[in-house]
Each structure stands twice: as C-alpha cells, then as structure tokens.
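Visitor: Please take one part of this model and look at it closely. I would like to see how its side chains meet, and then how that part compares with other contacts and patches.

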Amino acid sequence: MKKDDCFYLGKIVKKYSFKGELLAKLDTDEPDLYDNLDAIFIDLRGNLVPFFIEASQLHKSDLLRLKFEDVDTEADADALLKSDLYLPLELLPKLEGNKFYFHEVINFTIHDENYGEVGRIVGVNDTTAQALFEVDRNGVEILIPMNDEFIVKVDRPNKTVIVNTPEGLIDLYLSE
C-alpha cells in the first residue's frame, strides 16, 4: 500500500497501559466513524505497515484507544509512539454537497461567478490560518481562500468548484 492510496487518519500520541495499548489523536471531526476498524497502516520509517486491531474504543471523545495484535508490552508500544496512522482512500466516508476532501478537488477547474474560469486547482495550502486553493492559470499561481462564503458549489460530475470571490481578488494576481 502506498501513501498516495491512503489518507492520513492521525498520530499515536501516548501509551495507555502496561499491556501495549496506545492512544491515537485522530484528524477528523467524526472520530466515532473509526472506532470499529479491523486494521490500520502505521508509517514506520517511511513504509506503511499493516497492524491488526484487537480492540479499540473512543477515549475522551477525540482520542482512539487501540490494542494491536502482537503489541503486548510497553517496549512494543514505545516503538510505535509518534507514528502516523493511515487508511485506504476507499474507507473515507463520501462527502456530498459543498463538503469535500482536499485531495478530491485537485485538478478540478475553479470558476468564479464574476471573473469566469480562473484555472486548475493544483494543490491546497492548509499551513496558513485559512486553507487556500492553489490555482494554476497558465503558469501564474492564484491563491483563493477556502471560505464557505466564497464556495458556491462543488460540481463533482463536471470537476469544477464554483466560487464567488471578492471583486479584484483574482485581478491582484494577474495585474503584474
């Protein structure tokens, strides 16, 4: 399994017991979707290794308590601390309407209601306070805030995101 075929689920943050149990912080708004998993992939030195789950349950609402098969001691658990967790993309719940996963809209076209076609989404920058669509327009990068007020429609069949940005935003990038 390659990382490209998976999504990041969270990170193992601490040990829970002397019997090899671990707590994972999940990167999701709905952690209860993931409390009945059979297996998970753990990133060990750049390789995704499958681990089978003996037992799991939500712990304090945003942590998942995990007991893996063959992880029975504190030393076994120590080896997995701070590791990233991944699941295959097909296990992602389907989103509808204007909700979307970042990876899902890559290569979609951005169309602004006032400006017209802006360009192709080549990435998402979520390292800033507000996530940004990274749009390529004939070699020029245009950054559009992923603001619910700006996103009019996610048109999956036509691979288009329709936005209504403040007047002049797109021109700022093109006026050089």
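**A salt-bridge network and other contacts**

Guide: The side chains of K15 and D78 meet in a salt bridge, with 2.9 Å from N to O. The model is a predicted one, and the distances and areas here are computed from it. K15 belongs to strand β1 and D78 to helix α1, so this pair ties together parts that are 63 residues apart in sequence. In general, side chains of opposite charge can pair when their charged atoms come close.

K15 has a relative accessible area of 29%, so K15 is partly exposed. D78, at 38% relative accessibility, also counts as partly exposed.

K15 has a second partner. E74 forms a salt bridge with K15, and the closest N and O atoms are 3.1 Å apart. This pair, too, links distant parts of the chain: E74 is in helix α1, which covers residues 74-78, K15 is in strand β1, and the two are 59 residues apart. E74 counts as partly exposed at 33% relative accessibility. Because they share partners, the salt bridges join K15, E74 and D78 into one network.

How many salt bridges does the structure hold? There are eight. Another of them is formed by K2 and D5, whose closest N and O atoms are 3.8 Å apart. K2 is exposed, with a relative accessible area of 53%, whereas D5 is partly exposed at 33%.

Strand β1, which covers residues 6-15, also contains F7, and this leads to the aromatic pairs. A search of the whole structure finds four of them. In one, the ring centres of F7 and Y34 are 6.3 Å apart and the planes stand at 55°, so the pair is tilted. Y34 lies in the loop between β2 (22-26) and β3 (39-44), so the pair of F7 and Y34 ties together parts that are 27 residues apart in sequence. Are these two residues buried or exposed? F7 is buried, with a relative accessible area of 9%, and Y34 counts as buried at 5% relative accessibility.

Another aromatic pair is made by F100 and F133, with ring centres 5.9 Å apart and planes at 20°, so this pair is stacked. F100 is in the loop between β6 (84-88) and β7 (109-112), while F133 is in strand β9 (residues 132-137), so the pair ties together parts that are 33 residues apart in sequence. F100 counts as buried at 14% relative accessibility, and F133 is buried at 0%.

The surface patches come next. D27, D29, E30, D32 and D126 gather in a patch of negative charge on the surface. One of these residues, D32, is found in the loop between β2 and β3, and D32 is partly exposed, with a relative accessible area of 49%. Y115, V140 and L174 make a nonpolar surface patch of about 200 Å². V140 is found in strand β10, residues 140-145, and V140 is partly exposed at 31% relative accessible area.

One last residue is K153, which lies in strand β11 (residues 151-155). K153 counts as partly exposed at 41% relative accessibility. The C-alpha atoms of K153 and K99 are separated by 9.3 Å, although these residues are 54 residues apart along the chain.

Definitions and conventions
Residues numbered from 1 in each chain as written. Predicted model: local features only at pLDDT ≥ 70, side-chain atom pairs only at ≥ 80, totals over all residues. Heavy atoms only, no water. Phe/Tyr/Trp six-rings, centres within 6.5 Å; stacked < 30°, edge-to-face > 60°. Helix = DSSP H or I, 4+ residues; strand = E, 2+ residues; numbered from the N terminus. Buried < 20%, exposed > 50% of the residue type's maximum accessible area, 1.4 Å probe, protein only. Patch = residues over 30% accessible without salt bridge, like charges linked within 9 Å, V, L, I, M, F, W, Y side chains within 5 Å. Areas by Shrake-Rupley, 256 points an atom, 1.4 Å probe, with all protein chains shown as cover. Salt bridge = Lys/Arg side-chain N within 4 Å of Asp/Glu carboxyl O. Lys, Arg positive; Asp, Glu negative; His and termini not counted. Charge placed at Lys NZ, Arg CZ, Asp CG, Glu CD.
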